[in-house]
Amino acid sequence: WKWIVFWAYAFGGCINHSLTLAIHDISHNVAFGNKQARWNRWFAIFANLPIGLPYSASFKKYHIDHHRYLGGDGLDVDIPTDLEGWFFCTPLRKIVWLFLQPFFYALRPLYVNPKPVSRMEMLNAMVQFSVDFVIYYLWGLKPVVYLWAGSILCLGFHPISGHFIAEHYMFLKGHETYSYYGPLNLITFNVGYHMEHHDFPSIPGSKLPLVKKIAAEFYDTLPQHTSWIRVLWDFVFDDSIGPYARIKRQYKLAKEG
């Protein structure tokens, strides 16, 4: 079992994390275009299968709000809650928070901005758990645990997960979104090109380096990260950074709702 966990963290989890970022790209309808939105949803469910847990439909539902209401209080569930910011404020507690990040991402929407369960989410869960059952029936529990463990571990305290912190945590006062142009973009669908992505969310990740090249005069002078591992280090040991280091906005929609 120890080797299951090791390889889940070192190898399988990296693939699963990469697939979550493929689903991120697909959520912007880049696979089949905006005119074939349902095909994109089905393709995302297919990409979800190795992750082991239903993810794609719920991610799509909330990720739209992240782009539409970035930092919106009660709208953007990417923003940690006040309790998270208050409690996870020491190096040790921030490490715990990073390990538990997959659970916070899964449960935070239910508290911050609960929405009705959609048919696509039910289909996503039904397909995913059916495939999990087939894997269990044919090969036993270990491969299922391998898939689940890889997804949970690699979305937590892991070098690739540095992108969660690098994207929108305020390392410099007043700067909300940062790009990273390093080699890990090769296995993360260029999610590091995050400023470019928020400027042009309908452009596939594969084309974002071209966006930066075309508009270099706009992006080259902006603050950027050079290492996701360094991002995690600074997040843990810099007292001025923590789950609270986010810009939070009040939108009229939140007040009216």
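A residue is buried when its relative accessible area is under 20%, exposed when the area is over 50%, and partly exposed in between. Ile247 has a relative accessible area of 22%, so Ile247 is partly exposed. The structure described here is a predicted model.

**Ile247 and its surroundings**

Ile247 sits in the loop between α13 (228-237) and α14 (252-256). Leaving aside residues up to four places away in sequence, Ile247 touches Gly71, Ile79, Met170 and Glu176. Leu70 lies 177 residues from Ile247 along the chain. The C-alpha atoms of Ile247 and Leu70 are nevertheless separated by 8.8 Å.

**Salt bridges**

The structure holds nine salt bridges. Three of them are set out below.

| Acidic residue | Basic residue | N to O distance |
|---|---|---|
| Asp65 | Lys115 | 2.6 Å |
| Asp73 | Lys248 | 3.9 Å |
| Asp234 | Arg230 | 2.9 Å |

The side chains of Asp65 and Lys115 meet in a salt bridge. This pair links distant parts of the chain, 50 residues apart. Asp65 belongs to helix α3 (residues 56-68). Lys115 belongs to the loop between α6 (101-112) and α7. Is each partner buried or exposed, or partly exposed? Asp65 has a relative accessible area of 7%, so Asp65 is buried. Lys115 has 28%, and Lys115 is therefore partly exposed.

The side chains of Asp73 and Lys248 also meet in a salt bridge. Here too the pair links distant parts of the chain, 175 residues apart. Asp73 is in the loop between α3 and α4 (82-87). Lys248 is in the loop between α13 and α14, and Ile247 is found in the loop between α13 and α14 as well. Asp73 counts as partly exposed because its relative accessibility is 31%. Lys248 counts as partly exposed at 38%. Salt bridges that share partners join Asp73, Asp82 and Lys248 into one network.

Asp234 and Arg230 make a salt bridge within one helix. Both lie in α13, four residues apart. That spacing is about one turn of the helix.

**Helix packing**

Two packed helices are described by the angle between their axes and the distance between the axes.

Take α7 and helix α8 (residues 141-154). The two pack at an angle of about 140°, with their axes 7 Å apart. That angle makes α7 oblique to α8. From α7, the contact is made by Asp132, Ile135, Tyr136 and Trp139. From α8, Leu141, Pro143, Val144, Leu147 and Trp148 take part.

Helix α5 (residues 91-99) packs with α13. Their axes come within 8 Å and cross at roughly 135°. Therefore α5 and α13 are oblique to each other. On the α5 side, the residues are Pro91, Lys94, Ile95, Trp97 and Leu98. They meet Leu232, Phe235, Val236 and Phe237 in α13. Helix α13 also holds Asp234 and Arg230, the salt-bridged pair.

**A nonpolar surface patch**

Which residues make the nonpolar surface patch of about 1,000 Å²? They are Trp1, Phe133, Val134, Tyr136, Tyr137, Leu138, Trp139 and Leu141. Helix α7 (residues 119-139) gives the most, with six residues. Two residues of the patch, Tyr136 and Trp139, also belong to the α7 side of the contact with α8. Leu141 of the patch is on the α8 side of that contact.

Trp1 joins the patch from the segment before α1 (2-26). Its relative accessible area is 52%, so Trp1 is exposed.

**Positive phi at Phe189 and Asn190**

Phe189 has a positive phi of about 55°, although Phe189 is not a glycine. Asn190 has a positive phi too, near 60°, and is likewise a residue other than glycine. Where do they lie? Phe189 is in the loop between β1 (179-180) and α10 (194-199). Asn190 is found in the loop between β1 and α10.

Their accessibility can be set side by side. Phe189 has a relative accessible area of 39%, so Phe189 is partly exposed. Asn190 has 13%, and Asn190 is therefore buried.

How values were computed. Residues numbered from 1 in each chain as written. Predicted model: local features only at pLDDT ≥ 70, side-chain atom pairs only at ≥ 80, totals over all residues. Heavy atoms only, no water. Patch = residues over 30% accessible without salt bridge, like charges linked within 9 Å, V, L, I, M, F, W, Y side chains within 5 Å. Areas by Shrake-Rupley, 256 points an atom, 1.4 Å probe, with all protein chains shown as cover. Salt bridge = Lys/Arg side-chain N within 4 Å of Asp/Glu carboxyl O. Buried < 20%, exposed > 50% of the residue type's maximum accessible area, 1.4 Å probe, protein only. Axes fitted to C-alpha atoms, helices over the stretch in contact; angles between N-to-C directions. Parallel < 35°, antiparallel > 145°, perpendicular 65-115°, else oblique. Contact = heavy atoms within 4.5 Å.
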